[in-house]
Amino acid sequence: MRPISLDELEGFRDALLELCIGVDFSDYDPIDLCGTGGDGKNTFNISTLSSFVVAGAGIPVAKHGNYGVSSSCGSSNVLEFLGVKFTTDKDFLSRTMDTLNIAILHAPLFHPAMKFVAPLRRELGVKTFFNMLGPMVNPCFPKKQVVGVFNLELARIYSYLYQRRGDCEYSIIYDFGGFDEVSLTQGVKVFSKDKEFIFDPTDHFSKISEEDIKGGDSVEESAKIFLQILKGEGTKAQNDVVFSNSGLAIATAKKVSLEEGICIARESLESGKALRVLERLQKLSISKIQ
C-alpha cells in the first residue's frame, strides 16, 4: 500500500538469494531478460520470445520466469503449454545451455520459500513487491541483465542496486507508456552501467499502438501468438517489438551498439534460428520426461 524503500528491496532480495537453490552458470556468462510484471498491459510474452531470439544469436541466456500472477499468462505458463520441462537438474540445464544457449529457470523450483507466498499472491491478484524482486533473484546470479520495470521510481532504485553490485552489465528499461519492456508506443528511458539515455522508437522503427502488441486471453491463445512470431508469421509491429527488446539485450551482452544488436536479433528470428532453439528444447524436454 506504500512504495518500497531501497533498503527493504535489497533485504528481501538478499534473503531470497540466500534461500534459493543456486545453479552455477559462470562458465557461460549468461544474460537474463525479465520484466517485473505488474504493468497491467497484457502484452504477448515479449521478454520470453526475445530470450529465444538472443539464444538463437548464439548468446547464452538464463531465462528466469514464473506463472502469471498479475498478468493472464506468464513466461512459465506459455513454455509449459509448449511442452518445455521445468527442472532443477543441473546436468539437464547445462545440456540445454551447451547445445541451445538457453536454460529455463522456473522460479518456484529454485525458490522453495516462495511456495508459502504464491497462493496469497494469486488471491490478491495485484502487483506486490514480489513483482519487483523477480528479476533480481535469478538463481544463477547472472552478471548480465535486461530488466523492464513498471515505473520510473523503481527504475532508479534498480539502477542504484545494480550499481552497488558493481559486477553487472545491465540495461534497466522504463517505457513511458507504462510498460515493463520496450513497447514502441512511447519513448523509453534506459539506465545502464555507464550511461542513461532515451530510446525513441522512431529512430529505428515505426511507432505502434498498444492494441498491436496485445497478448492472448488464455494460455492457449498466448502460446499460439508465441509460435506465430517465432515461425516468422508475426505482424510487423510484433516483430519490431521483439527486435527492439532482443536487440537491446544483445547490445548489453556483447557491448555493441543498439543498431548492431537489432540487426543481429533480426537475423536470428528471420533465419529461423530462434524457432529451432524452441523446437530442440521441446525435444530435449520430451526425452527428459521419458
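How do the residues of the lining of the largest cavity divide into nonpolar, polar and charged? Keep that in mind while we take a tour of this predicted model, looking at its empty spaces and then at the way some of its helices cross.

## Spaces inside

Two cavities of 30 Å³ or more turn up in the structure. The largest cavity holds about 80 Å³ of space. Around it you'll find Leu-33, Cys-34, Gly-35, Ser-47, Val-146, Val-147, Gly-148, Ile-173, Asp-180, Glu-181 and Asn-245. Now for the opening question: that lining splits into five nonpolar, four polar and two charged residues. If you're tracing it on the structure, look for strand 1 (31-35) and strand 4 (144-148), since each of them supplies at least two residues of the lining.

The second largest cavity comes in at about 30 Å³. Its lining is made up of Val-84, Lys-85, Thr-87, Phe-92, Leu-93, Thr-96, Ile-104 and Leu-281. Which helix gives the most to this lining? That would be helix 4 (residues 90-100), with three residues. Sorted by class, the lining has five nonpolar, two polar and one charged residues.

## A pocket

Next up is a pocket. The second largest pocket has about 440 Å³ of space. It has 17 lining residues, and the ones nearest its centre are Met-1, Arg-2, Pro-3, Ile-4 and Met-132. Three helices each hand over at least two residues to this lining: helix 1 (6-19), helix 7 (129-133) and helix 8 (152-165). Helix 8 gives the most, with three residues. By class, the pocket lining counts eleven nonpolar, two polar and four charged residues.

Here are the three spaces side by side:

| Space | Volume | Lining by class |
|---|---|---|
| Largest cavity | about 80 Å³ | five nonpolar, four polar, two charged |
| Second largest cavity | about 30 Å³ | five nonpolar, two polar, one charged |
| Second largest pocket | about 440 Å³ | eleven nonpolar, two polar, four charged |

## Helices that cross

Let's start with two of the helices that line the pocket, helix 1 and helix 8. Their axes come within 11 Å and cross at roughly 60°. An angle of that size is under the 65 to 115 degrees that count as roughly perpendicular and not under the 35 degrees that count as roughly parallel, so helix 1 and helix 8 are oblique to each other. Is the crossing left-handed or right-handed? Helix 1 passes helix 8 in a right-handed crossing. On the helix 1 side, Leu-6, Asp-7, Leu-9, Glu-10 and Arg-13 make the contact, and they meet Leu-154, Ile-157, Tyr-160, Leu-161, Arg-164 and Arg-165 in helix 8. This contact has six nonpolar, no polar and five charged residues.

Helix 11 (residues 258-270) brings us to another pair, this time with helix 10 (residues 236-254): the two axes come within 7 Å and cross at roughly 120°. That angle makes helix 10 oblique to helix 11. Here too, the crossing is right-handed. Plenty of residues take part: Asn-239, Phe-243, Ser-246, Gly-247, Leu-248, Ile-250, Ala-251 and Lys-254 in helix 10 meet Leu-258, Gly-261, Ile-262, Ile-264, Ala-265, Arg-266, Leu-269 and Glu-270 in helix 11. Sorted by class, they come to nine nonpolar, four polar and three charged residues.

Helix 11 also has a crossing with helix 2 (residues 46-56), where the axes come within 8 Å and the angle is roughly 95°. This angle makes helix 2 roughly perpendicular to helix 11. Which residues make the contact? They are Phe-52, Val-53 and Gly-56 of helix 2, together with Ala-265, Ser-268 and Leu-269 of helix 11. The class count for this contact is four nonpolar, two polar and no charged residues.

Technical notes: Residues numbered from 1 in each chain as written. Predicted model: local features only at pLDDT ≥ 70, side-chain atom pairs only at ≥ 80, totals over all residues. Heavy atoms only, no water. 1 Å grid on protein atoms, 1.4 Å probe; cavity = no way out; pocket = protein on both sides within 12 Å on 5 of 7 lines; lining within 4 Å. Points joined across faces, edges and corners; volume = space filled by probe spheres on them. Helix = DSSP H or I, 4+ residues; strand = E, 2+ residues; numbered from the N terminus. Nonpolar A, V, L, I, M, F, W, Y, C, P; charged D, E, K, R; others polar. Axes fitted to C-alpha atoms, helices over the stretch in contact; angles between N-to-C directions. Parallel < 35°, antiparallel > 145°, perpendicular 65-115°, else oblique. Left-handed = near helix turned anticlockwise from the far one by under 90°. Contact = heavy atoms within 4.5 Å.
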